[in-house]
Amino acid sequence: MAEPKEIWPTDEISAAVVDMTQKVSEEPDAYLHFLQLQAHHPQYTADTLLWLMAKEPDGQVFRTVPEWNEHGRFVKPGEKGIPLERGMVRLLDHDGWTNPNMEWVFVAKQTWAKESIPPEPEQRLSGQRLEMGLRTLLELSPVEVKIDAGTAPSEIRYDPERKEILLPQGIGAEEAFRGLVREILQARMDMEMDEGYRREIFQQDAECLSWMMCQRYGLPCPEPDLSRLAQNNAPWNTEERNSCLTSISWLYSGMEKNVSREVNIQKSVRQKIGQAMGTNEPGQGKSKALVQTR
């Protein structure tokens, strides 16, 4: 299906992004929808999601024609897609670059399916996949992660004085995953600030990042506390609010890309190396490991 030859509605997109930025930064339900869309569309920028929310408020999944075809669905004749400008779709295999091409995306109600539909790609992390996801988070942490006997059983916490993330003994893998995502953001913010770091400033963003990652990989996670969303954003103008949405979008996209790449690609490579060496063990290499403290 050839892409329609249309003039991109740049002014319409800009106006919609401004309006949706206000809505998403003040209404918890709208912000949660934004986070959910981002969780399942890591390749989309924040402005892309705001534009899609404005055009299709009930949309949950947006795909191009080839992407729908890969999932056994086909766009109905005469359906018009939602246009995305150049640079609104990230190239996930190139850090910092966005797609230079124009895109049109469609929602499920604009498609039809044959009797046989290929299953959705497996995203859920469990067993060895979850182990590899945790290993990737250890690599992404800007500070050392330690198992600490003095940490409360239900608490994973970044310690700004020790510059360490502390995990309790016997913690489950799923709880460790969602807690590490949250505390890695706290650690990163502390590392990037010269002074004035306070945990509560970034608590909402940390919870949102953790929730998105768990949504992406099918892990349980409580919804972030958005009760103070409007109050927290009240001092900021629209441009500053949009900048905050863009920041968490980029943080999520980068973390998701690293975890997915490790789980889906490097695991296969390491297994092949292990087989070639006559062992079932993963290939050896430099990687962070949990350190036991007293």
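Is Lys55 buried, partly exposed or exposed? In this predicted model, Lys55 has a relative accessible area of 39%, which places this residue in the partly exposed class. Lys55 makes a convenient way into the fold, since the side chain has a charged partner: Glu12 and Lys55 meet in a salt bridge, with 3.3 Å from N to O. Glu12 belongs to helix α1 (residues 10-24) and Lys55 to helix α3 (residues 46-55), so the bridge ties together parts of the chain that lie 43 residues apart in sequence. Glu12 is likewise partly exposed, at 42% relative accessibility.

A step back gives the overall layout. The chain contains 9 helices and 8 strands. Of its 294 residues, 44% are buried. The exposed surface comes to about 16100 Å², with carbon and sulfur atoms supplying 50% of that area. Among contacts with a separation of 6 or more, 69% are between residues 24 or more positions apart.

The salt bridges deserve a further look. The structure holds 15 of them, including a second helix-to-helix link between Glu256 and Arg216, whose side chains come to 3.0 Å, N to O. Here the pair joins helix α9 (residues 238-276), which carries Glu256, to helix α7 (residues 199-217), which carries Arg216, and the two residues are 40 residues apart. Both Glu256 and Arg216 are buried. For Arg216 the relative accessibility is 16%, and the cut-off for buried is under 20%. The surroundings of Arg216 can be listed as well: leaving aside neighbours within four places in sequence, Arg216 is in contact with Ala39, His40, Pro42, Gln123, Tyr252 and Glu256.

Another of the salt bridges joins residues that are adjacent in number: Arg182 pairs with Glu183, and their closest N and O atoms are 2.6 Å apart. Glu183 counts as buried, at 0% relative accessibility. Glu144, Lys146, Arg162 and Glu164 are linked in a network of salt bridges, and this network leads on to the strands.

Strand β5 (residues 144-148) is mostly covered, with 4 of its 5 residues buried. β5 pairs with strand β7 (residues 164-167) in the parallel sense, over 4 bridges. Within this pairing, Lys146 has Leu166 of β7 as its bridge partner. β7 is also joined to strand β6 (residues 157-159), this time antiparallel and through 3 bridges. There, Asp159 is partnered by Glu164 of β7. β6 and β7 form a hairpin with 4 residues between them, and Lys163 in the turn has a positive phi of about 55°.

Which way do the side chains of β7 point? Glu164 and Leu166 point one way, whereas Ile165 and Leu167 point the other way, and all are buried. In a regular strand the side chains alternate between the two faces of the sheet.

Ile165 also provides the link to the nonpolar interior. The largest nonpolar core has 67 residues, and those with the most contacts inside it are Val24, Tyr31, Phe34, Trp51, Ile165 and Phe177. Helix α7 contributes the largest share of this core, 9 residues. Not counting residues up to four places away in sequence, Ile165 touches Ser141, Val143, Glu144, Val145, Lys146, Ile156, Arg157, Tyr158, Leu180, Glu183, Ile184 and Ala187. Two members of the salt-bridge network, Glu144 and Lys146, are thus found in this list, as is Glu183, the salt-bridge partner of Arg182. Apart from the largest core lies another, of 5 residues, among them Val65, Trp68, Val75 and Trp104.

The cysteines complete the survey. How many disulfides are counted in the model? The count comes to 0 disulfides. Cys214 is in no disulfide, and the nearest cysteine sulfur, that of Cys221, is 4.1 Å away. A disulfide requires the two sulfur atoms to be within 2.5 Å, so this separation does not qualify. Cys214 is buried, with a relative accessible area of 2%, while Cys244 counts as partly exposed, at 45% relative accessibility.

Methods:
Residues are numbered from 1 along each chain as its sequence is written. This is a predicted model: local features need pLDDT of at least 70, side-chain atom pairs count only at pLDDT 80 or more; totals for chains, interfaces and linings use all residues. Side-chain values use heavy atoms; hydrogens and water are left out. Buried means under 20% relative accessible area, exposed over 50%, partly exposed in between (1.4 Å probe, protein chains only). Contact means heavy atoms within 4.5 Å. Accessible areas come from the Shrake-Rupley method with a 1.4 Å probe; for residues, only the protein chains shown count as cover. A salt bridge is a side-chain nitrogen of Lys or Arg within 4 Å of a carboxyl oxygen of Asp or Glu. A nonpolar core is a set of buried Ala, Val, Leu, Ile, Met, Phe, Trp, Tyr and Cys residues joined through side-chain atoms within 4.5 Å. Two strands pair if DSSP finds at least two bridges between them.
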